[in-house]
Amino acid sequence: MSTPTIVACALWLVALWRLPSIRHSHKQRSLALTLAALAAAMTLEVPEIKAAINDHVGITGLPPLLKHLLGVSSAAFLLDFVIAVVRPQGLAHRTRIAAIGTTLPLMLAFYAMANWMPEGAVRVGEGKRAIYPVLYMAAFTLYIGVAMIVATWLFLASVRHSRTLLGKAGLGFLGLGTMLGSLYALQRIGFVTLQLTTGAENPELEDLLSTILKQLAILSIALGVCLPPLSVAVEYVESWNALRRLQPLWHQLTQATPYVVLSTSIAKRRVPFRLERCIIEIEDASLALREYVSAELHERARSFARRSGVSDTEIEAVAEASWLSVAARIAPIGKQLKGVTYPQLGVTGRDRPSEIAWLRAVSHAYSASPVVAEFSSQEEPSTTVPAASPERLFPRGT
């Protein structure tokens with residue numbers, strides 16, 4: 001199997017994967033059309049496809065023309081995509097429409113008027129119409145070059161704004177692909193200029209550089225397109241794992257404060273939303289429970305954890321789990337304390353990732369730390385919380 005065939009198959013797989021998103025938004029539509037145009041352009045480089053078109057259509061050089069038109073179209077769609085992502089307010093919309101609206105008709109006109117040499121549509125012809133192949137290639141490479149330079153600038157400038165490592169890598173690969181596309185256009189201009197000014201030709205080197213740069217650019221763009229959705233999948237798995245780790249703490253706290261649990265149900269597949277709601281309900285339960293204990297008890301829990309040999313990095317989470325455990329036992333049978341200072345929640349003042357990490361540490365300590373169990377037993381009230389059936393808890397939505 002030839003390299004163009006492998007590249008074309010890979011592109012069609014990515015294009016078909018992204019095709020359902022064409023109806024979601026303008027930027028997704030632009031991305032799907034970019035991939036489809038690139039896949040179709042690379043398909044026209046497959047020797048068997050190229051030969052079949054020449055044999056059945058009877059127009060010499062039609063595959064290169066179609067390939068170049070698709071290449072220009074894919075560059076336009078890709079530029080539209082990056083602008084929709086990085087500059088939602090738009091960027092030179094009328095200029096871009098005028099540029100693509102001018103380039104495609106000019107390419108068709110110059111191609112029709114040119115007397116191409118038998119070697120193909122990338123050679124400068126001979127005779128009185130020799131200027132038209134030059135103009136054809138000039139229109140093609142000028143549009144590709146300018147579009148790829150602008151896209152490279154936008155992609156690479158947006159890398160630092162991405163929230164995730166895979167998102168940054170995806171934008172980086174897209175920027176690398178468009179940069180290679182810029183180099184492809186520049187080397188084409190360089191070889192044509194050299195031929196026109198000196199008459200020197202090196203078609204083997206030109207074809208080799210063109211093929212390498214083009215295929216590397218396309219594969220880099222395809223890889224860059226695949227990484228951001230993979231980032232979404234990674235975030236989904238991380239949310240599922242965090243939700244699983246927080247559920248024991250959620251069970252214990254909402255058992256003592258069932259009124260904080262919202263009644264609206266959530267589909268199980270909406271894991272990030274369920275995690276968000278779980279965190280909110282844990283925080284609401286903690287706020288309610290702290291009114292049953294004092295800051296003095298929190299300090300006793302901290303001192304007890306320190307005396308019990310808990311590491312410095314775990315003391316605060318163990319202390320928080322300790323006073324929450326005591327408060328959860330008191331809440332169903334006791335009264336709220338008045339005129340005292342309540343414990344400060346350790347979760348406050350954090351961003352979402354560190355907030356999740358903190359709650360996971362508290363949940364682990366609450367469920368597994370012998371220090372928490374011992375402290376809670378020492379402070380245990382005379383009556384404990386009656387057991388609640390699991391059916392009362394998670395069907396309510398978390």
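Tutor: Start with burial: a residue is buried under 20% relative accessible area, exposed over 50%, and partly exposed in between (1.4 Å probe, protein chains only). Serine 376 has 0% relative accessibility, so serine 376 counts as buried. This is a predicted model, where local features need pLDDT of at least 70, side-chain atom pairs count only at pLDDT 80 or more, and totals for chains, interfaces and linings use all residues. Residues are numbered from 1 along each chain as its sequence is written, and side-chain values use heavy atoms, with hydrogens and water left out.

Student: Where does serine 376 lie, and with which residues is it in contact?

Tutor: Helices are DSSP runs of H or I, at least four residues, numbered from the N terminus. Serine 376 lies in helix H13, residues 370-378. Contact means heavy atoms within 4.5 Å. Leaving aside neighbours within four places in sequence, serine 376 is in contact with Ser325, Val326 and Arg329.

Student: How many cavities of 30 Å³ or more does a search of the whole structure find?

Tutor: First, the idea. On a 1 Å grid over the protein atoms alone, a cavity is a set of points where a 1.4 Å probe fits but cannot get out; lining residues have an atom within 4 Å of a point. Grid points are joined across faces, edges and corners, and a volume is the space filled by probe spheres set on the points. The search finds two cavities of 30 Å³ or more. The largest has a volume of about 310 Å³. The second largest holds about 50 Å³.

Student: Which residues lie nearest the centre of the largest cavity?

Tutor: Leu38, Gly71, Ser74, Lys214 and Ile218, out of 22 lining residues. Helix H4 gives the largest share of this lining, six residues. Now sort by class: Ala, Val, Leu, Ile, Met, Phe, Trp, Tyr, Cys and Pro count as nonpolar, Asp, Glu, Lys and Arg as charged, and the others, Gly among them, as polar. The lining of the largest cavity has 13 nonpolar, six polar and three charged residues.

Student: What does the lining of the second largest cavity have by class?

Tutor: Seven nonpolar, one polar and two charged residues. Among them are Leu249, Glu283 and Trp358. Helix H9 supplies the largest share, three residues.

Student: How many salt bridges does a search of the whole structure find?

Tutor: A salt bridge is a side-chain nitrogen of Lys or Arg within 4 Å of a carboxyl oxygen of Asp or Glu. The search finds 10. In one of them, glutamate 45 meets lysine 214 at 2.2 Å, N to O. Glutamate 45 lies in the loop between H2 and helix H3 (47-57) and lysine 214 in helix H8, so the pair ties together parts 169 residues apart in sequence.

Student: Is glutamate 45 buried or exposed?

Tutor: Buried, at 12% relative accessibility. Lysine 214 is buried too, at 16%.

Student: Where do glutamate 296 and arginine 300 lie?

Tutor: Both lie in helix H10 (residues 295-307), four residues apart, about one turn of the helix. Their side chains meet in a salt bridge, 3.7 Å from N to O. Glutamate 296 is exposed at 55% relative accessibility. Arginine 300 is partly exposed at 34%. Elsewhere, salt bridges that share partners join Glu45, Lys67 and Lys214 into one network.

Terms used:
Helices (H or I, at least four residues) and strands (E, at least two) are DSSP runs, numbered from the N terminus. On a 1 Å grid over the protein atoms alone, a cavity is a set of points where a 1.4 Å probe fits but cannot get out, and a pocket is an open set with protein on both sides within 12 Å along at least five of seven lines; lining residues have an atom within 4 Å of a point.
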